[in-house]
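User: Got a model loaded here. Can you walk me through it?
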Amino acid sequence: MRDERFLREAFALAELGEGDTSPNPVVGAVVVREGEIVGRGYHRQFGGPHAEVFALDEAGDKARGATLYVTLEPCAHHGKTPPCTTRILNSGIARVVVPIEDPNPLVSGRGIAALRQAGVEVEVGLLRDVAERQNEIFLHYIRTGRPFVHLKLATSLDGRIATRAGDARWITGPEARAFAHRLRRRHAAVLVGIGTVLADDPELSVRHVPGRQPTPVILDAWGRLPVGARLLAGRRRPIVAVHNLPAARKDELEAAGCRVWELPSAEGRVDLSALLARLAAEGVDSALIEGGGETAASFLEAQLVDRVTFLIAPLVIGGRGAVPSVGGEGAERLAQATALRDVTTTWAGSDLVYSGLVRRDAARA
């Protein structure tokens with residue numbers, strides 16, 4: 001099907017902006033005339049021109065009477081850039097194919113309506129599932145007002161993230177680690193518990209691939225973060241989520257470059273819902289949870305996880321004292337276990353990448 005082929009080309013272009021457009025969506029666009037692509041574009045960075053502008057600029061006069069394929073509804077309002085609908089109408093585009101409406105209240109069907117009212121043929125819905133997956137972070141953030149929470153765990157076949165002696169480097173291979181860094185690049189924040197910091201002293205930075213650096217977020221109720229921790233290097237200003245912290249210790253952490261957020265407690269821990277609300281208020285649209293097992297359990301038990309990704313290495317660690325990937329109390333009955341939907345599997349070297357969205361209903365697939 002011709003429309004599907006060209007729309008998939010637009011999706012591929014959109015991926016080129018991944019990690020650079022947040023909190024805006026990734027968007028790709030192609031202009032097609034008489035079966036040939038005459039213009040390509042993608043949203044390259046937050047605040048910059050939209051995908052449609054680049055595609056129409058490349059197409060020039062060939063856009064008149066052509067079809068525009070764009071992966072998200074064109075905007076019809078003045079934001080950081082002029083309305084894309086005006087640019088589309090001025091170009092003479094005759095037809096627009098778009099998979100999904102933009103849920104942003106400033107757009108929300110207005111772009112499609114403006115084009116139709118001006119006589120442009122607009123088709124909506126083709127490859128909607130692909131569009132939902134590609135922009136799951138943006139769509140979730142706009143629809144719920146809460147950051148998209150993605151739990152990533154690197155484990156052995158038997159679900160361990162460290163041996164009984166605490167040895168955890170490296171369970172997965174280099175390809176899986178590069179994949180994990182691409183995930184970091186895609187998210188605005190990377191979150192761990194203080195136990196992971198004290199045990200591993202991670203950098204929590206993007207290294208193996210180019211891209212933006214996510215903001216480190218540390219769950220540290222009692223302010224135990226060492227001021228010499230590696231994640232404090234550079235200018236990222238990590239967020240340390242605490243409660244009831246003495247003023248002197250808060251001053252010490254802030255002097256080391258931290259942003260200290262004092263939040264309510266829930267059973268002696270930082271209230272995770274309050275943390276996510278604060279992150280959302282700061283414009284953080286997504287958080288990648290990387291460790292450890294107790295932090296993973298706390299988010300799962302609070303039903304705050306939206307996607308789960310396991311990087312599974314061909315190793316069997318064994319041992320009752322080995323560290324499980326998910327701690328906490330765990331489910332008492334299988335019906336209470338976290339179930340996934342829309343599961344995908346792929347390979348990163350010799351490691352299996354298993355990912356799915358968390359089911360919000362009680363029924364298991």
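User: How does the lining of the largest cavity divide by class?
Analyst: The lining of the largest cavity has five nonpolar, seven polar and seven charged residues. Keep in mind that this is a predicted model.

User: What is the volume of the largest cavity?
Analyst: About 180 Å³. Of its 19 lining residues, the closest to the centre are Thr21, Val26, Asn135, Ile137 and Arg186.

User: How many cavities of 30 Å³ or more does the structure hold?
Analyst: One.

User: Which element gives the largest share of the lining of the largest cavity?
Analyst: Helix 6, with three residues.

User: Stay on helix 6. Which of its residues are buried?
Analyst: Helix 6 covers residues 136–144. Its buried residues are Glu136, Ile137, Phe138, Leu139, His140 and Tyr141.

User: And what follows helix 6?
Analyst: Gly145. Its phi is positive, near 75°.

User: Pockets next. What volume does the second largest pocket have?
Analyst: About 790 Å³. It is lined by 30 residues, and the closest to its centre are Leu300, Gln336, Ala337, Thr338 and Ala339.

User: Which elements each supply at least two residues of that lining?
Analyst: Strand 6 (148–155), helix 11 (293–301), strand 15 (307–312) and strand 18 (351–358). The largest share comes from helix 11, with four residues.

User: How do the lining residues of the second largest pocket divide by class?
Analyst: There are 20 nonpolar, five polar and five charged residues.

User: Any cis peptide bonds to list? Where are they?
Analyst: One is from Ser22 to Pro23, with omega near 5°. Pro23 sits in the loop between helix 1 (2–14) and strand 1 (28–33). Another runs from Gly291 to Gly292, with omega near -5°. Gly292 is in the loop between strand 14 (286–291) and helix 11.

User: Why flag those?
Analyst: Because most peptide bonds are trans. Likewise, most residues other than glycine have a negative phi.

User: On that note, what is the phi of Ser108?
Analyst: Ser108 has a positive phi of about 35°, although it is not a glycine. It lies in the loop between strand 4 (95–98) and helix 4. Ser108 is partly exposed, at 44% relative accessible area.

User: And Glu267, what phi does it have?
Analyst: Near 55°, a positive value in a residue other than glycine. Glu267 is in the loop between strand 12 (265–266) and strand 13 (269–270).

User: Is Glu267 buried or exposed?
Analyst: Exposed, because its relative accessible area of 86% is over the 50% cut-off.

User: Helix packing now. At what angle do helix 2 and helix 3 cross?
Analyst: Roughly 20°. The axes of helix 2 (residues 51–59) and helix 3 (residues 84–91) come within 9 Å. The two are therefore roughly parallel to each other, as angles under 35 degrees count as such. Their crossing is left-handed.

User: What about helix 3 and helix 4, at what angle do they pack?
Analyst: About 25°, with the axes 10 Å apart. Helix 4 covers residues 110–117. Helix 3 and helix 4 are therefore roughly parallel too. Helix 3 passes helix 4 in a right-handed crossing.

User: Last one. Where is Arg235?
Analyst: In the loop between strand 9 (215–219) and strand 10 (239–242). Arg235 counts as exposed, at 84% relative accessibility.

User: What separates the C-alpha atoms of Arg235 and Val192?
Analyst: A distance of 19 Å, with the two residues 43 apart along the chain.

Notes:
Residues numbered from 1 in each chain as written. Predicted model: local features only at pLDDT ≥ 70, side-chain atom pairs only at ≥ 80, totals over all residues. Heavy atoms only, no water. Buried < 20%, exposed > 50% of the residue type's maximum accessible area, 1.4 Å probe, protein only. 1 Å grid on protein atoms, 1.4 Å probe; cavity = no way out; pocket = protein on both sides within 12 Å on 5 of 7 lines; lining within 4 Å. Points joined across faces, edges and corners; volume = space filled by probe spheres on them. Nonpolar A, V, L, I, M, F, W, Y, C, P; charged D, E, K, R; others polar. Axes fitted to C-alpha atoms, helices over the stretch in contact; angles between N-to-C directions. Parallel < 35°, antiparallel > 145°, perpendicular 65-115°, else oblique. Left-handed = near helix turned anticlockwise from the far one by under 90°.
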